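Colleague: Could you walk me through this model, please? I am new to this, so take your time.

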Amino acid sequence: MKTSILSISFIGILSSSILFFLSIASIYNVHATTYDFNFAAVGDWGCNSNTDATVKGIANTKTTNKLGASELVLGLGDYSYQPTANCWLSKVASIDDNMKITIGNHENSAKTGFNQYKKSFGLISNAYYSFDFNNVHFIIMNTQTPYTPGSSQYNFIKDDLVKAAKKVNTNWIIVVMHEPFYTSPTSCKIASCQGIGNLRDTYHPLFDTYEVDLVIGAHLHNYQRSFPLEYNSASSSKPIITSKIVSKYNDPKGEIYVIVGTGGINFHKIIGKNYYILNQQSSFFGHLNVDITNKGQVLTAKFIQNNAKVFDSFSITK
Amino acid sequence: MSIYYILLPAIMSMAIIIPSFTLIAYSQKNVTINPNCGTEEGFEVTLETDGFEPNSNVHWDLVDTINNTIALSGYFTTNSSGGFEERTYVDDINSGDYKIKFFDDADTNDKLDTNKTIISRDLSIPCKNQQ
């Protein structure tokens, strides 16, 4: 009997101790990872086996990334390329738990499923919005609706940037849009594939003022990553490179512009290299994978091809 | 007994050689594109192939026949019979006559693999009867 009581007491003390240590470990673990997370971004997906490979590549980050699977997936526009979103929604079902999208030119009307995309991702009105994820502030622009000064989108984004710049807990500002400011020359011949002048004239100065860190776009079906760039008011198609460093930045002036139009539909061949583009390719589908680590102080981005090889990587420390 | 030892390898060789000839006979490359024309605003195209290297990659280029430049390109993984049926979208390019060229590209380096051939199909924008 005495032995039983002693055993029960011993087990009780042991259990309490284990619980105590577990709670301490849990507190420390939460503290260490409060700001750390991973997100993926890609656009121009299509609805074929390359789209499946891109989805698989994003899902597989849990095996290649110490932070686990991407906790946030950003769709950069141009999804099913069909009158409805059905096919693409079915393709991304395994990774859409926390997915945010911007609207591209292939889903910006009722005939191309605009309302279905809006409903599926809870978008309101004209589908531009912002949100916080840990200490990162994301602004999702809609380049398919009016954005010039005086438009409701312009007012929203300017106001949002002012607020984000003042937030104590915001360490990073990342802007997502479909059609880009800057690009190397490609086989895409339409005007919107040349870098949109009035878009960059309107927003690049704002991004400089409010210290946006990263601008992610698509539309061009390839991958391009710029040096950190500031707006050039004398010649806006010729932005000013603020740092010639290739991959490890320490809070550079200006923003790094990345095009990730490699979701699977096809490629616009890159036929030249503009001086402000650091790395580019139009041969492999894949996605941009971004880690926020060191308590939210380091941003590390990698372009991971669907064959799991890393084509490009860079980091920014603040 | 000794005849058995001679005949058995001969029969086994025949068993291997005959199916190999059959495979070669059926490895003719086939490509179908549907539709083979469309509007400048853009249109979805289904690419159907067979007879390429099995379980590998086939690269395709949409080439402008006037200046021989690549307008769009891509690649798809082949199945066990060296084929695939996939969809892509043709837009962002000018009106004109194009060829879609398909070729084996195992390592997806955009280059024709050694000892392989290119097969191509015509595509026009807009359709001829719409001009």
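**A sheet in chain B**

Modeller: This is a predicted model, and a good place to begin is an open sheet in chain B, where three strands lie in the order E1-E2-E5 with antiparallel pairing.

Colleague: Which strands are the edge strands there?

Modeller: They are strand E1 (30-34) and strand E5 (84-90) of chain B, each of which pairs on one side only. From one strand to the next, the twist averages 20°.

Colleague: And what holds strands of a sheet to each other, in general?

Modeller: Strands of a sheet pair through backbone hydrogen bonds, and the pairing can be either parallel or antiparallel.

Colleague: Over how many bridges do E1(B) and E2(B) pair?

Modeller: Their antiparallel pairing runs over five bridges, and if you look along E1(B) you will find Thr32(B) standing opposite Glu48(B), which is in E2(B).

Colleague: I clicked on Val45(B). Is it buried or exposed?

Modeller: Val45(B), which lies in strand E2 (residues 43-50) of chain B, is buried, because 21 other C-beta atoms are within 10 Å and the cut-off for buried is 20 or more.

Colleague: What does Val45(B) touch?

Modeller: Leaving aside residues up to four places away in sequence, Val45(B) touches Ile33(B), Asn34(B), Pro35(B), Thr88(B) and Val90(B). Two of those names come up again, since Asn34(B) and Pro35(B) are joined by a cis peptide bond with omega about 0°, and Pro35(B) lies in the loop between E1 and E2 of chain B.

Colleague: Where is Pro126(B), and what is its peptide bond like?

Modeller: Pro126(B) lies in the segment after strand E7 (119-125) of chain B, and the peptide bond leading to Pro126(B) from Ile125(B) is cis, with omega near -5°.

Colleague: Switching to chain A, how many helices and strands does it have?

Modeller: Chain A has seven helices and 15 strands, and of its 318 residues, 45% are buried.

Colleague: Which residues of helix H2 in chain A are buried?

Modeller: In H2 (residues 49-59) of chain A, the buried ones are Asn50(A), Thr51(A), Thr54(A), Val55(A), Gly57(A) and Ile58(A). They are on the same side of H2(A), because the arc they cover around the axis is only 160°.

Colleague: Why do residues three or four places apart in an α-helix point the same way?

Modeller: An α-helix has 3.6 residues a turn, so residues with that spacing point the same way.

Colleague: What about the loop before H2, where I see Asp44(A)?

Modeller: Asp44(A) is found between strand E1 (37-42) and H2 of chain A, and although it is not a glycine, Asp44(A) has a positive phi of about 55°. Asp44(A) counts as buried, because it has 31 C-beta neighbours inside 10 Å.

Colleague: And the nonpolar core, which residues have the most contacts inside it?

Modeller: In the largest nonpolar core, which has 91 residues, they are Val176(A), Ile216(A), Val260(A) and Leu288(A). If residues up to four places away in sequence are not counted, Val260(A) touches several residues, including Val42(A), Leu76(A), Ile216(A) and Leu288(A).

Colleague: Last one: how many residues of each chain are in contact with the other?

Modeller: There are 18 residues of chain A in contact with 18 residues of chain B. On the side of chain A that touches chain B, eight residues are nonpolar, eight are polar and two are charged.

How values were computed. Residues numbered from 1 in each chain as written. Chains lettered and ligands numbered in written order. Predicted model: local features only at pLDDT ≥ 70, side-chain atom pairs only at ≥ 80, totals over all residues. Contact = placed C-beta atoms within 7 Å. Nonpolar A, V, L, I, M, F, W, Y, C, P; charged D, E, K, R; others polar. Core = buried A, V, L, I, M, F, W, Y, C linked by C-beta atoms within 7 Å. Buried ≥ 20, exposed ≤ 12 C-beta atoms within 10 Å, placed from the backbone. Helix = DSSP H or I, 4+ residues; strand = E, 2+ residues; numbered from the N terminus. Arc of directions from axis to C-beta. Pairing = 2+ DSSP bridges. Axes fitted to C-alpha atoms, helices over the stretch in contact; angles between N-to-C directions.
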